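New to this one? Have a look at the fold first, and then we'll walk through how some of its pieces sit together.

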Amino acid sequence: MLAATASQVPDAMAFEADGRVLTVAQLRDQSDRLGAALLKIGLRTGDRAMFQMGTAIETVLALLACYRVGVIPVCAVPQHREVEIGQLSRLAEPAAYFVQADFSGFDLVGFARRMMDQHSSYRHLIVARGGGGGDGWSMGDMLEGMTAREAQEILRDVRLGCGDVLSFQLSGGTTGIPKIIPRFHGEYLAHSATLTNIHGIDGTSRMIWALPLIHNAGQLYSIMPAVWGGIGTVLMSKVDIPRMLDLIESHRVTHALSIGPVAPKLLAYEDVAKHDLSSLKLFATMSRADKLERHIGVPCGNLFGITEGLLLGTPGDAPQAARHGTQGKTGCNFTEIRLLQPDSEVPAAPGTMGELCFRGPSSLRGYFRGDPAAFTSEGFVRTGDMMTAHVIEGVAYYAFEGRSRDNVNRGGEKIGCEEVEAFASRHAAIADAKLVAMPDEFYGEKGCLFVVPRPGAKAPSVNELAEFLASEGLARYKCPERIEVIDEFPVTRIGKIDKPALKRKIAELLAKEAAHRAG
């Protein structure tokens, strides 16, 4: 597919990062040469390769080189440490380890060597953006040492099909060890095409990506569009809101997608008016698209996704009720969605919440050498996410209501944390909020809301917030009964909000207060 695209639009920009531009033709040439170099050092089709790399052009080239020759990336992130990498190494038995030398102050190269010493499957260390040392290969040197002609000879006999495994993506569980999800060549290309379709992305679009490129979303939204359509993406190695907006302006970016901290930081940025964002056709985020749209003045829409295979979204010209009131629709006509009553296979009544279950071309088949996945008797993947269906102008859209286990049990009343968080985040003084359960002698649990205030604003009191939430239509029994101000939320090593850490924090604080009263 990349070869076909390169023959059609060879000079189209595929990626830009820190002033370095890679055209589609260069992307094909360099990934071919690097792929051939991998085979030359002794890797074989079907081998696995651990990846700990950031958002950089080198990551794109390393991934595509592996895809070209059938070496399967294990898509870890640079923040993973001994527990995660050890478990993944035991499961996947990688033969190679790709690492980015300059990702952070942490010595990832030294860490990779230690992990390789502990697991006998590893044979090769490949270092990007730095020297390989005596026992490793420099990715730059491997690329420079391989000519296009030699690469063609080496790659001539490589045969891969749509049903071959492309990569090992990781399940994004909030606390447990990541589980491995095999993704396939044809499935990944088609999934990417349907995703870009539901967001209104085409050959004239220009995208920006500031989150982990190694994640499922990073590859589906930025790497694959370059492969099948020559669609260009501006890469950012870290979230920097002023610089992001400058890049959107200078590159005339049409689509920005956020699955992490981008939207809250953008909401806290007060100088949006200094930037020309007129090229943007859509800024997609996981929630609060209505608030973001008012803040930046361009169409915004919510989205939803899980690595197990389902992603939802809307184009910028979708009805406002769909963009702001739901997480969107599926872009694949072959994907089936059902909302079921929790812990059953009984369909939820129309207009009521149900557990999101799905099956289709991109559905998880099963975890690789891991725990069994949760399926219904008819093969629908169980997500544990609660949604309601809304038919808007004849199209089914789905609104996220919370996770079946992410709630506060207040004396038997289940309070969905995401629902309260969404309402609380509408408050003018709140940039972001997370609700967790705190221990209570009478009710068992009550809700504690951790709040990141907007710059210069004072977080509301419990009573002030309760009055605001009630005025927004939230039932009073759902209102948080404690508020704690925090500078930023703790995150897990895969970049997700660490709610267990917040629960521990409030439990410890309550224990200290009780001890103080007793003393």
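## Two helices at a slant

Let's start with a pair of helices in this predicted model. Helices α2 and α7 are oblique to each other: α2 (residues 24-40) packs against α7 (residues 148-155) at an angle of about 60 degrees, and their axes are 9 Å apart. That angle falls outside the 65 to 115 range for roughly perpendicular and isn't under 35 either, so the pair counts as oblique. As for handedness, the α2 and α7 crossing is left-handed.

Who's touching whom? On the α2 side you'll find D29, D32, R33, G35, A36, L39 and K40, and they meet A148, E150, A151, I154 and L155 of α7. Sorted by type, the residues of this contact come out as six nonpolar, five charged and one polar.

## The sheet

Now for the strands. Seven of them make an open sheet with mixed pairing, in the order β2-β1-β11-β10-β12-β13-β14. β2 (20-23) and β14 (300-302) each have a single partner strand, so they stand at the edges with one side lacking a neighbour in the sheet. From one strand to the next, the twist averages 20 degrees.

Zoom in on one edge: β1 (residues 13-17) and β2 run antiparallel and are joined by four bridges. Here F15 sits opposite L22 of β2.

## Helices on the sheet

Helix α9 (residues 216-229) lies across β1, β10 (206-209), β11 (232-235) and β12 (255-257), and runs at about 145 degrees to β10. Helix α10 (residues 241-251) packs on the sheet too, touching β1, β10 and β11, with its direction at about 165 degrees to that of β10.

Technical notes. Residues are numbered from 1 along each chain as its sequence is written. This is a predicted model: local features need pLDDT of at least 70, side-chain atom pairs count only at pLDDT 80 or more; totals for chains, interfaces and linings use all residues. Side-chain values use heavy atoms; hydrogens and water are left out. Two strands pair if DSSP finds at least two bridges between them. Axes are lines fitted to C-alpha atoms, for helices over the stretch in contact, and angles run from 0 to 180 degrees between N-to-C directions. Contact means heavy atoms within 4.5 Å. Angles under 35 degrees count as roughly parallel, over 145 as roughly antiparallel, 65 to 115 as roughly perpendicular and the rest as oblique. A crossing is left-handed if the near helix is turned anticlockwise from the far one by less than a right angle, and right-handed if clockwise. Ala, Val, Leu, Ile, Met, Phe, Trp, Tyr, Cys and Pro count as nonpolar, Asp, Glu, Lys and Arg as charged, and the others, Gly among them, as polar.
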